[in-house]
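Student: I would like to take a close look at a single part of this structure, namely the strands of one chain. Please explain how they are paired and how they are placed.

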Amino acid sequence: MIELRNAGKMYRQGAREIYALRDVSLVIKKGEFLSIMGPSGSGKSTLLNLIGGLDQPTSGEIFIDSTPLHGISDNELTLIRRRNVGFVFQFFNLLPLLTAAENVGLPLLLDGESFSLVKPKAESILRKVGLGERIDHRPEQLSGGEMQRVAIARAIIGNPAVLLADEPTGNLDSHTSEEIFLLLKSLNEQGQTIVMVTHDPKAAAYGTRIVTLKDGTTSQDISIGGEES
Amino acid sequence: MSIKFAILGILAERDLHGYELKSSFDEKVGEFWSLNYGQIYSTLDRLEKEELVTHDRHVQDKRPDRKIFSITPQGREELEKWLSTPLNKVRALRDEFFVKLVFMDKSSPVPILELIEKQKVLYLKHMNRLTSRKVALKKKSGSLDDLTTELLIDAGLLHAEAAIKWLGLCELKIRAAFESNPPLRRI
Amino acid sequence: MNITNLLRHISLKHLKLQKAQLFIALSGICLGVAAMVAIDIVNRSVLRSFEDSINHATGRAVLQVAAGESGFPEKMLDVVQGVPGVEYAVPVIETNAKLSGGTERAVMILGVDVLQDHQIRDYSITDESADIPDPLLFLARSDSILLTRSMAEREGIKIDQQIQVQTVEGIKTFQVRGLLNPDGPARVAGGDIAIMDIYAAQMAFGKEGRVDRIDVSLLRGEDFDKVKERIQGAVPEGYNIDTPAGRTRQVEMMLKRFQNSIGFVSLMVMFVGMYLIYNSVSISVVHRRKEIGIMRALGAKRGEIIRLFLGETLVTSAIASFIGVGLGLVFARLSIGVVAQSVTDIYMQASVTELAFSWGELIRDGIIGIIASLAAAAFPARSCARITPISAIRSMPYSEDGFLFGTKIKIASAALIILSFTILIAYKMAGNSSPLRTSGTTFAAALFLTVGLSLGTPLLLKWFLVFFHRYISPRLGAPGRLAGLNLQKNVSRNAVALAAVFFSISLLVSSVNAMNSTRTSIFEWIDSVIRADILIASGHPLSIGAHGIPMPGEMIKEIEEVPGVLTVEPFRKGYIYYNGRKVMLETTDIAMRMEYCPGMMAEGTRDDMVNLLPGQDNVVVNEGFATKYGVRKGDSIVLPTPDGPVRFGVAGIVVSYSSDSGVIWMDISTYRKRWHDNLVDMYEVRVKPGQDIRKVSGAILDRMGGERRLFALPALEFRNEIRQILDRSWAVTYAINTIVLVIAGFGIVITMLASVLERTREIGVLRSIGMKRSQVSGVVITESVLIGAAGGLLGAASGLLVGWIELEGFFRIDFGASMTYHIDYLSLAWALLLSAGLSALAGLYPAHRASKINIVEALRYE
């Protein structure tokens, strides 16, 4: 379970204070597929960064499985990112030099596991996301959709508490996007908590719950989880 | 008027009696069109008069006779002609919401913005439902029928998306208009 | 350890991908290590050759009693032999001679007591001569001589053959009685040695009744220090009782300044190498910003990223250092000849036969290379920590300037520069005896100044670009303006390249100016000292003192009789011991010298010299001596003479660059009286006005040539030769300066390549809207030239200052000589031209790459 209590993020620009996010309180339950919607500048990426421990709030509190993400050292935060969070980005952000399997195994490699142990795991996850034939390919040899699948595989290899996706199909055509969403959806159905940020209602509609942000704070919370027609 | 072709299309696959026709209709396009039996039977009557459809009477025990409908050769010809003709007319904008927009409160943006918000939520919920159906559909090993259903769902999603986007635009423009021309000064 | 994971999976791929860049980046460290290794080996080899020579010549002797070059009375032998605890005390004459004919090589003559010497030294005679050297037979014939087999083979000399050798007494004929196997004493001076009986040697070399040295071995069980004390007590003051190791140390001390100065330049190569590493790691950090951001997002800790970059540096610099060590061996082999020649020219005969190195030293130099690399990489690697995962993921990997631009760095830069000036002012204010007055102080000032300016290069580049935009770029076309803007876009990285150019130009300008000042001062001094028309010596006049053969003092009469000769001035010089250390004693006819030479007085007057020196126990000393031993005009110093210590008054202080161990001037009459030495190393002849110098010198040679071989060299030629020798001794410095410049050029290549790679897309856009290939390369070359010009300007300015600091540090303090700073303005022009030209050259390849960018691919590339 992820909990935000009055989380806020403020930047200073000279004397001005700019609030990217103010007083957001939100509880994300285990197994939820939460879509966070909002126009650009609404603070949705900031919110995702805070949940993912890429950034720390300037006010309020954030917990993942009751571990606080606020007021801890950079190293502790880094370890949370490494072990409890999986990221999927709009621009895939794969390391171009590494093969698919190496990219997928990177979080485990960072944790000090040897590649001979990591590789079978990475391969099995790549097969799971339908890339069993692409294990030794490098990103430049993959299509956009395939790269995003690799990114998803990388995000879930460490069995994270939550998978965070930031406009995961922003760079893909609609048919490929659908495949990515179906993949996310099926992961969600297997119990993976997912938080996805998007401005695209089509993407948001895959969530079991939709939260909309406006001007740095939540404006609508639509829970429709699992409701069939 | 395309109910006519929908019925011809269903009958072109196989002969059906009225009840079966209705459930087949619901299954294929029910997401967008809901018809009652009356509408179906009146359309069938019209089609029989145009000699595009005929029926056989089927005698049953303890129950009234059932009519089994089937398509005539003229009917098939008409259907094929229709299928191969592209649409000339673009869908008309005849949403009730437009009427509300015309008559909105010109002194304050608040009511209409609230309305827009609620409308958006409704559309989102609609999309969410459609998406759930699509996901369920995708999980089955898809028949050709499932494909057409999926395509219809896609159409529904895109329409809803367009509506949401348009509503967002409405919101922005209304806000901007009220900010640059405060109603007080205009009056 | 997860760093090994990352190194294997990430770094290795980067390194494979950028082999050329990697190669260039590491070449600096590689060359730095190579230079260090080479210089260490060369220094060690030169020293080792002296040490071997000394050890072989000493045999089993553990103590040596000596008293300067003129030797001491042989009656001391009985005194020393009489000291309790002494086993054997054997006399030695050690002098220089020259083969007359053949290669005319200098030969060391060792005169020994044939009956006794085997107690100290083992002579191994070749089989063919085994029956001959019956000691008595050897003794009976005073023309007997033993040569080494190696020399005999080289010169084609056979046993029983007669050879002619130049000696003080003129050309003498000796009969070769036997040959020595290359063992023991036969290995002294690289085999260029001959053994004679001591009495014959005394006769032949004008040392009747005197010996140069007594070699002493001790009775078993005697305490070394006690015996040494006893001998010290038995002989008069001023005798030097030393061990062979002590003599090696003396040599070492003498060579120290020379070795320090070349050691210093090897440090400089390492320093520029560090710039290169710094530069390439900085670029690599910028280049891999996105990758770092992704890894940070996936959970790589700051420390892990830093360690990753340091790990890469560690691995690659270890390889570079390893290669550097190998390269150093090659460099050493190539340069040993030049260095040995310089040492021979300036100090003493150095015959280096083999390279000497120690594994420990090689490993140490390699490790220094690695540590230097890590230190250079640490700073940019640390800047990785500033990369937030968010910023890296969102934007493209360009700009994000300022990671070398922080306030802290500006403060550090300003602080270092201020510190440097404070040190300089304190140094200037401090008195001669202040502990601040060491070359360490000036070195620190120069280092702080250079590092401070290097850190300040981003700011300086910014200012330079403001100037460029205001005054220069409006005159240039679009490429010029674009170039300026591009440089502005990534000031910090360009600043690093600028810093490398700055550093090397500064080094070049400073060493050229320091050398120029030294040259000018020394040449002015030589011109003032050597006022004669003809120099007469038995060897080349350059070899006097070091390994020349003196002439008898009576020759002066004969030379004076030669028609056309106006005056003849005798000159004798040699080392004596002062406070246990070797100093140079130079003697001449002071009155005559003062008449002709505008001698440079630092303290005292010329009249004092003429009035107080001749015939009296007064001397003058040079500045180096005065500083080193704290002597002032009016003080008195005690010098050892063969008759015991004598107190001399100091009548003044003069400028002399003859020796860096301190120089004492004395009138030759005083010297002869006190040292009973009537020999002369050189006669300086002035001819009567209107006489042809060549004819007169021909006449002198005709008159003397029969008895001895003489050199009569017009003074002008001699001065030119000294210039050449000095210039040769700086050859190593020049070579290293060149290497440094090349490395700085590599720095520009790396920077421009990275810049072109990053701008692929931008260049694609420019090409698509109609920029010509030539214009694209024009932009890149202009950028490169701008960096070079800015670095050149800054380097020239700081080089002038550092040059002065070097002069102060190396010469005023170590050399003890005041030298005026002579600015070589041409060198400034050269430095600017070179920096611009070199950077244009460095820009060529990146420019070529830029112009070859495929437009379609560049635009597709994201």
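## Strands of chain C

Tutor: Strand β3 of chain C (residues 86–99) and strand β6 of chain C (residues 162–167) pair in the antiparallel sense, and two bridges connect them. The model in which this pairing is found is a predicted one. Within this pairing, the residue of β6(C) that stands opposite C:Leu99 is C:Val165.

Strand β3(C) has other partners as well. With strand β4 of chain C (residues 106–112), β3(C) pairs over seven bridges, again in the antiparallel sense. Here C:Ala97 of β3(C) has C:Val107 as its bridge partner in β4(C). Strand β10 of chain C (residues 213–218) also runs antiparallel to β3(C), and the two are joined by six bridges. In that pairing, C:Pro91 is matched with C:Ile214 of β10(C).

Consider next how β3(C) is placed in its surroundings. Of its 14 residues, 13 are buried, and β3(C) is therefore largely enclosed by the rest of the structure. The word "buried" has an exact sense here: 20 or more other C-beta atoms must lie within 10 Å of the C-beta atom of the residue.

A second strand of the same chain invites a similar reading: strand β5 of chain C, which covers residues 144–148. Five of its five residues are buried, so β5(C) too is largely enclosed by the rest of the structure. The directions of its side chains can be followed one by one. In a regular strand, side chains alternate between the two faces of the sheet. In β5(C), C:Ser144, C:Leu146 and C:Thr148 point one way. C:Ile145 and C:Leu147 point the other way, and the residues of both groups are all buried.

The partners of β5(C) complete the picture. Strand β7 of chain C (residues 170–180) runs parallel to β5(C), and five bridges join the two. Opposite C:Ser144 in this pairing stands C:Gln175 of β7(C). With strand β8 of chain C (residues 193–197), by contrast, β5(C) pairs in the antiparallel sense, over two bridges. The bridge partner that C:Leu146 finds in β8(C) is C:Ile195.

To draw this together, β3(C) pairs in the antiparallel sense with β4(C), with β6(C) and with β10(C). Strand β5(C) runs parallel to β7(C) and pairs in the antiparallel sense with β8(C).

Conventions
Residues are numbered from 1 along each chain as its sequence is written. Chains are lettered from A and ligands numbered from 1 in the order in which they are written. This is a predicted model: local features need pLDDT of at least 70, side-chain atom pairs count only at pLDDT 80 or more; totals for chains, interfaces and linings use all residues. A residue is buried if 20 or more other C-beta atoms lie within 10 Å of its own, exposed if 12 or fewer, and partly exposed in between; C-beta atoms are placed from the backbone. Helices (H or I, at least four residues) and strands (E, at least two) are DSSP runs, numbered from the N terminus. Two strands pair if DSSP finds at least two bridges between them.
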